[in-house]
Amino acid sequence: MRILDLIYRKRNGEELSEEEIAHLVTGYNSGEVPDYQMAAFLMAVYFTNMSDKEVGAMTSAMLTSGEGIDLRDVGGVKVDKHSTGGVGDKTSLIAAPLAAAAGVTIPMISGRALGHTGGTLDKLESIPGFRTDLSLDEFRHQLTHVGFAVIGQSDQVTPADGKIYALRDATATIESTALIAASIMSKKLAASLDGLVLDVKVGSGAFIKKLIEARRLAQMMVAIARRANLRAQALITDMNQPLGYAVGNALEIMEVSQTLQNAGPTDLTRISLELAARMIYLGKAAKNLEDARKIAEEKLLDGAGYRKFKEVIQAQGGNPQVLDRFDLLPNATGVLEITTPRGGYVSAIDAELVGQAATLIGAGRDSKESEIDPAVGLILEVKVGQKVDAGGVLCRLYYTKEDRVEDASQSIEDAFRISAQAPEPRELILEVVS
Ligand code: URA
């Protein structure tokens with residue numbers, strides 16, 4: 001079977017067999033298939049898409065590229081949560097501690113920054129000492145004793161996803177529902193879960209811009225879960241402006257800390273509570289969804305989620321004091337205020353441009369090899385619907401190197417739309433697919 005023929009056929013829109021997809025993924029994982037051929041294949045998928053059967057085959061091939069994680073010895077009902085990617089989307093680090101504090105076991109397998117969106121692993125690694133490369137024994141031990149642990153793809157856990165994920169990030173092939181579904185579901189099936197909550201983001205800051213496509217992606221992932229006997233629910237949520245105010249790794253950890261102390265932004269708190277409630281419900285720690293919502297709120301108000309996150313930080317080698325003393329986190333050396341020349345209502349903030357600005361100054365990667373700067377990012381001063389005077393501050397950019405600050409600042413200016421009239425409020429949670 002020649003790889004060139006597979007690329008050729010996919011480019012022409014043909015359906016590949018399970019065996020052919022497995023051959024390609026296994027070959028790429030072992031290093032026999034070079035980056036340039038895999039990149040060409042991914043671009044062909046981007047343009048011609050994949051059938052459900054092909055997505056299933058791609059998911060299985062990536063899943064079986066590693067040995068997976070046997071969690072039979074870990075007690076409790078195991079539930080994970082995953083987002084398709086957004087700007088300022090730090091909900092995993094709020095919802096999961098709340099659900100863990102309610103007694104759900106959370107074996108979380110996360111990803112890194114992808115395109116203009118952030119990654120849970122990069123956010124956590126901005127905490128000095130925090131290790132996301134736990135061995136499987138350490139992972140199991142922490143799940144038994146703390147109830148929540150986070151790792152990424154590794155040689156044992158979906159290594160092919162780790163490699164393809166990084167290649168997609170550097171070849172403009174992220175925004176494919178087929179590739180997103182296979183990437184997420186291979187990771188989620190690797191940990192023998194009992195339940196899964198998905199957050200499918202839609203809008204300017206998401207990889208999926210249209211509701212109809214978001215719905216299709218949600219249905220595809222829930223169907224893959226069902227075939228694997230995994231109970232899954234997907235929320236489709238708005239990503240037309242960044243979630244919360246902070247974008248950038250250490251800055252987002254600060255906002256997570258504030259939110260877990262019930263002093264966070266309303267939009268972020270609302271979505272995180274709903275995700276936590278669904279994790280609690282699927283984790284059988286509540287009789288029904290209504291009770292689960294009450295429990296999630298209780299765990300926020302009594303600080304149990306906040307304490308659980310500190311336990312996780314401690315267990316994974318970080319200093320939990322970072323949640324109280326932000327000076328212990330990496331801090332940027334420069335700050336630039338971006339102001340508006342005209343007053344009015346903020347009617348839109350293009351989240352993709354905001355994410356690109358953060359990536360430009362180092363909060364994300366522009367090549368497979370580039371390093372993230374954990375300190376940099378931005379804090380919005382206003383959100384959609386708020387009033388701002390002429391000369392008022394829209395956003396503060398936090399940077400450590402000056403070279404791309406001007407471009408980033410232009411991107412932020414382009415992202416904001418100011419109008420004379422207040423915009424209609426938008427729904428945050430658009431649909432549920434289960
Ligand atoms: N998250 C993932 O794990 N994979 C994607 O492709 C997108 C978001």
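Strand β2 (residues 106-109) is covered on both faces: I106 and M108 on one side, and P107 and I109 on the other, are all buried. Buried here means under 20% relative accessible area, exposed means over 50%, and partly exposed is whatever falls in between (1.4 Å probe, protein chains only). Strands (E, at least two residues) and helices (H or I, at least four) are DSSP runs, numbered from the N terminus.

A quick word on what you're looking at: this is a predicted model, where local features need pLDDT of at least 70 and side-chain atom pairs count only at pLDDT 80 or more, while totals for chains, interfaces and linings use all residues. Residues are numbered from 1 along each chain as its sequence is written, and side-chain values use heavy atoms, with hydrogens and water left out.

**Strands and a buried helix**

Back to β2. In a regular strand the side chains alternate between the two faces of the sheet. The partner of β2 is strand β3 (residues 148-151), and the two run parallel over four bridges; two strands count as paired if DSSP finds at least two bridges between them. If you want a landmark in that pairing, P107 stands opposite A149 in β3.

Helix α5 (residues 92-101) is also well covered. Nine of its ten residues are buried, so the helix is largely enclosed by the rest of the structure. The buried ones are S92, L93, I94, A95, A96, P97, L98, A99 and A100. After α5 comes G103, which has a positive phi, near 105°.

Elsewhere there's an open sheet of four strands, in the order β6-β9-β11-β7, with antiparallel pairing. Its edge strands are β6 (246-247) and β7 (334-339), each pairing on one side only. For β7 that pairing is with strand β11 (residues 393-399), antiparallel over six bridges, and I338 sits opposite C395 in β11.

**Salt bridges**

Side chains of opposite charge can pair when their charged atoms come close. The rule used here is a side-chain nitrogen of Lys or Arg within 4 Å of a carboxyl oxygen of Asp or Glu, and by that rule the count comes to 31 salt bridges. Here are some examples:

| Pair | N to O distance |
|---|---|
| R72 and D70 | 2.6 Å |
| R365 and D122 | 3.0 Å |
| R293 and E290 | 2.6 Å |

The surroundings of these pairs are worth a look. Take R365 and D122: R365 lies in the loop between α15 (351-360) and β9 (377-380), and D122 in helix α6 (residues 120-125), so the pair ties together parts that are 243 residues apart in sequence. Are these two partners buried or exposed? R365 is buried, with a relative accessible area of 16%, and D122 is buried too, at 5%.

R293 and E290 are a local affair: both lie in helix α13 (residues 289-301), three residues apart, about one turn of the helix. R293 counts as partly exposed at 28% relative accessibility, and E290 is partly exposed as well, at 46%. Then there's a shared arrangement: salt bridges with common partners join R112, D122, E125 and R365 into one network.

As for R72 and D70, R72 counts as exposed, with 71% relative accessibility, whereas D70 is partly exposed at 37%.

**The ligand site**

Which residues surround the ligand? They are H82, S83, T84, L114, Y165, R168, I180, S183, I184 and K187, where being near takes a heavy atom of the residue within 4 Å.

Polar contacts (a pair of N or O atoms within 3.5 Å; within protein, one must be able to donate a hydrogen and the other to accept it, and residues adjacent in sequence count only if both atoms are side-chain atoms) are part of the picture here. A polar side-chain atom of R168 lies 2.8 Å from a ligand oxygen, and one of K187 lies 2.6 Å from an oxygen atom of the ligand. On S183, a polar side-chain atom is 2.7 Å from a ligand nitrogen. Taken alone, the ligand exposes 240 Å², and the protein buries 97% of that; areas come from the Shrake-Rupley method with a 1.4 Å probe, and for residues only the protein chains shown count as cover.

**An aromatic pair**

Rings of Phe, Tyr and Trp (its six-membered ring) pair if their centres lie within 6.5 Å; planes under 30 degrees apart count as stacked, over 60 as edge-to-face, and the rest as tilted. That rule gives one aromatic pair. Y46 and F47 make it up, edge-to-face, at 5.0 Å centre to centre with 90° between the planes. Y46 counts as partly exposed at 34% relative accessibility, while F47 is exposed at 64%.
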